[in-house]
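The following exercises train the reading of a protein model. Please attempt each task before turning to its solution.

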Amino acid sequence: MNAYVIPFEQLTMRDVETVGGKNASLGEMIGALTRLGVQVPGGFATTAQAYREFLAQGGLDERIRAELATFNVDDVTKLAASGARIRQWILATPFPPALESAVTAALTHMSGGKDIAVAVRSSATAEDLPEASFAGQQETFLNVTGAQAVLSTMHEVFASLFNDRAISYRVHQGFDHSAVALSAGVQHMVRSDLGASGVMFTLDTDSGFRDVVFITASWGLGETVVQGAVNPDEFYLYKPAVRSGKHAVVRRNLGGKAVKMVYAAPGSAERVSTVEVSQADRARFCLDDADLITLARQALVIEEHYGRPMDIEWARDGATGAIYILQARPETVQSRAGRTIQRYSLKARSRVLTTGRSIGQRIGAGTARVIKSAAEMARVQAGDVLVADMTDPDWEPVMKRAAAIVTNRGGRTCHAAIIARELGIPAVVGCTNATTSIREGQEVTVSCAEGDTGHVYEGLLAFDLKQIELDALPKIPLKIMMNVGNPDRAFDFAGIPNHGVGLARLEFIINRMIGVHPRALLEFDRLDPELQGQIRTQMAGYADPVSFYVEKLAEGIAQIAAAFAPEPVIVRLSDFKSNEYANLIGGSRYEPSEENPMLGFRGASRYIDETFRPCFELECRALKRVRETMGLTNVQVMVPFVRTVAEAKQVTELLAQNGLKRGENGLTVIMMCELPTNALLAEQYLEHFDGMSIGSNDMTQLTLGLDRDSAIVANLFDERDEAVRMLLSMAISACRKHGKYVGICGQGPSDHPDLARWLLDQGIGSMSLNPDTVVETWLFLAQAPAKPK
């Protein structure tokens, strides 16, 4: 150790003022976590003293201070001119000879005298604090070889403390420029140019859900992921499953991965270059399950050591297969979220201009500014929607003006996404066509409040914003559960007070995440080449058609189950009608044409039919995988549309034959009570089921003889009708008499608080509501007068 250079292994988090947050963290991990399996490439850091002595030469620091006092950072033109001037002064000032000698000696010691490739990274002394993120603001240089090249890039790293975005960020975060020093970290390169790299967080970055590790990954060096130049693969791993050794991957999304950054050819003027990824590599995931588990375990070790959610950059060496941690810093957005949540919802929709990955769960609207380069940034005014191919840290000074951000490229951990979260504005990234489908000056609404997919709508649309005080809900004498169909929203919805999920629908997963009729997958080899091609596109990244269906269905179920664990998640088996199944890829080959599909081939009748039974068995395999392989035993099973007691017996026997037997491993099998026969013969049905969940929509339709899809008789549809209530009362009484579960998952209580109060008075055990009505119904039930005794 000397005044100018310190090896990483001699550093700890107590050295932030000496070598900055990033370098101190690298030393901390090498010293404390290597024995726990966390691999960090070695290297050394220059000190804050070295930086300050460099700036003291010729009064450079005084000139910089005087220059920064001459303008307002919100004037991006003056900011750019002054920033360029300061950087030029720094590059024109030579390093003190003692610093050059110390760096050269440290590099020789690190390389053993060999010609090695290193990364030269920045580390600011105010960086990576829990309350602020300086991510991406200073420069990083990759594949640097030779002492002169290291010193040259180090010079540029020092100058980058005065990049426009770094100056602007320090001002807006209240950091004194002269109080922040810069350390350069010199680190062994990991050959991820031959492998893969990315970013991971120890929470879900949008909802703040803490029980998952969220990993993004792409081929080549990691700068493409951080910059947002690629749409990466994405994975969620459930922390309790990682710890217990169960199958932990609850979600995977295949990214486009169109380009990758690699080492430039020897003799090239550049150190790295960006090349296109082959179609075969684009169509497969760049990490396997073993890699994902290795990463997740390292993430948990790091999170436990630091005692807070972490943002971690990683790389997999393509030559050795080894996985390394390149840096780790506190996650600075969701980890600061309080006990109040905001809920945005559109009042109306219009034509969709483009879609991409949603960031931020908010809605923003304004005039589109299609910006082609950083030189045009000044055109973005307060309240505009910034539309660009991608953003990098140079754009930061104007991003805070925007009502929303839309980009062609990038994933959920790219620069645009990170800054949008920190600024609290919605962003839709990875649209591929945003800059061509949105016109300059067009009024648009950007919605990130509809799940994983963000939408850009034409025009300025009205929307609602509700504040929910999570600590303000009183106790009520029943369990409030939620209806959840879209796994993408599960982590978010789990933040609303609840007692689990009373209705998890498989239809959304099958329709949106799979999109293919299960029989077409079972009979894939017999299909015509054109249909096979469509299916191959859908199942990219998965081993075979059947595995695709089972694994994708299991992932959707598991994401909901993990979000709400240990509370029960009642999964309703698929309840598509024949016309809905026919709309899936290949579906028209297998489905009958029915006059009234609502009353036709659906529910239990479909499961026990010989033609559909193999498809039903795939659903059973997916459920068994979630409960046994993933360990999510909070998943319970619900059978819809059971017409007769004989059907009830057949379907529960079929479930048992497929490994889903009532009572085994805590499994309960519930039936939907949605036909008058279910209420009239409730005690007989309950011989085969562990309880009932009332489906008020179908029960009302079939009691009153209404087609609920017909506008002509829609005014007569009312779940509060006396005949409907009589049947509901019979079902509730039978379940209570036999000590079995009884709840309601239909629309009725969400639409009619007075029906919810009546059900409470009848002794119903739980109500499963649409998430947007949970708080209102909860408060109503707490305040409404009880039925006189």
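The exercises below concern a predicted model and treat strands, aromatic rings and a surface patch in turn.

**Exercise 1. Strand β20 and its partners**

Task: Determine with which strands β20 pairs and in which sense, and decide whether β20 is largely enclosed or not.

Solution.
- Step 1. Recall the general rule: strands of a sheet pair through backbone hydrogen bonds, in either a parallel or an antiparallel manner.
- Step 2. Strand β16, residues 363-371, pairs with β20 in the antiparallel sense, and 5 bridges are found between them. Within this pairing, V444 of β20 has G366 opposite it.
- Step 3. Strand β21, residues 453-458, is joined to β20 by 4 bridges, and these two strands also run antiparallel. Here T445 faces Y457 of β21.
- Step 4. β20 and β21 form a hairpin with 5 residues between the strands, and in this hairpin G451 has a positive phi near 110°.
- Step 5. A residue is buried if its relative accessible area is under 20%. Of the 5 residues of β20 (443-447), 4 are buried; the strand is therefore largely enclosed by the rest of the structure.

**Exercise 2. The order of an open sheet**

Task: State the strand order of the open sheet of 5 strands, and identify its edge strands.

Solution.
- Step 1. The order is β1-β2-β5-β3-β4, and the pairing is antiparallel.
- Step 2. An edge strand pairs on one side only; this applies to β1 (5-7) and β4 (140-145).
- Step 3. From one strand to the next, the twist averages 25°.
- Step 4. Inside the order, consider β3 (residues 117-124) and β5 (residues 182-188): 7 bridges join this antiparallel pair. One position to locate is V120, which stands opposite V186 in β5.

**Exercise 3. Aromatic pairs**

Task: Classify the ring pair of F54 and F95 and the ring pair of Y236 and F491, and decide whether each of the residues is buried or exposed.

Solution.
- Step 1. A pair of aromatic rings is described by the distance between the centres and the angle between the planes. Planes over 60 degrees apart count as edge-to-face. The model has 14 aromatic pairs in total.
- Step 2. F54 and F95 lie 5.3 Å apart, centre to centre, with 70° between the planes, and form an edge-to-face pair. The pair links distant parts of the chain, 41 residues apart: F54 belongs to helix α2 (residues 48-56), and F95 to the loop between α4 (76-92) and α5 (97-111).
- Step 3. F54 counts as buried because its relative accessibility is 0%; F95, at 6%, counts as buried too.
- Step 4. The ring centres of Y236 and F491 are 5.3 Å apart and the planes stand at 65°, so this pair is edge-to-face. Y236 lies in strand β8 (residues 233-238) and F491 in helix α15 (residues 490-493), 255 residues apart.
- Step 5. Y236 is buried, with a relative accessible area of 4%, and F491 is buried at 4% relative accessibility.
- Step 6. Finally, ring pairs join F54 and F95 with Y51 and F158 into a cluster.

**Exercise 4. A nonpolar surface patch**

Task: Name the residues that make the nonpolar surface patch of about 370 Å², and decide whether L680 is buried or exposed.

Solution.
- Step 1. The patch is made by L680, L681, M726 and M730.
- Step 2. L680 is located in helix α24, which covers residues 676-680.
- Step 3. Exposed means over 50% relative accessible area. The relative accessibility of L680 is 52%, and L680 therefore counts as exposed.

Methods
Residues numbered from 1 in each chain as written. Predicted model: local features only at pLDDT ≥ 70, side-chain atom pairs only at ≥ 80, totals over all residues. Heavy atoms only, no water. Patch = residues over 30% accessible without salt bridge, like charges linked within 9 Å, V, L, I, M, F, W, Y side chains within 5 Å. Areas by Shrake-Rupley, 256 points an atom, 1.4 Å probe, with all protein chains shown as cover. Salt bridge = Lys/Arg side-chain N within 4 Å of Asp/Glu carboxyl O. Buried < 20%, exposed > 50% of the residue type's maximum accessible area, 1.4 Å probe, protein only. Pairing = 2+ DSSP bridges. Axes fitted to C-alpha atoms, helices over the stretch in contact; angles between N-to-C directions. Phe/Tyr/Trp six-rings, centres within 6.5 Å; stacked < 30°, edge-to-face > 60°.
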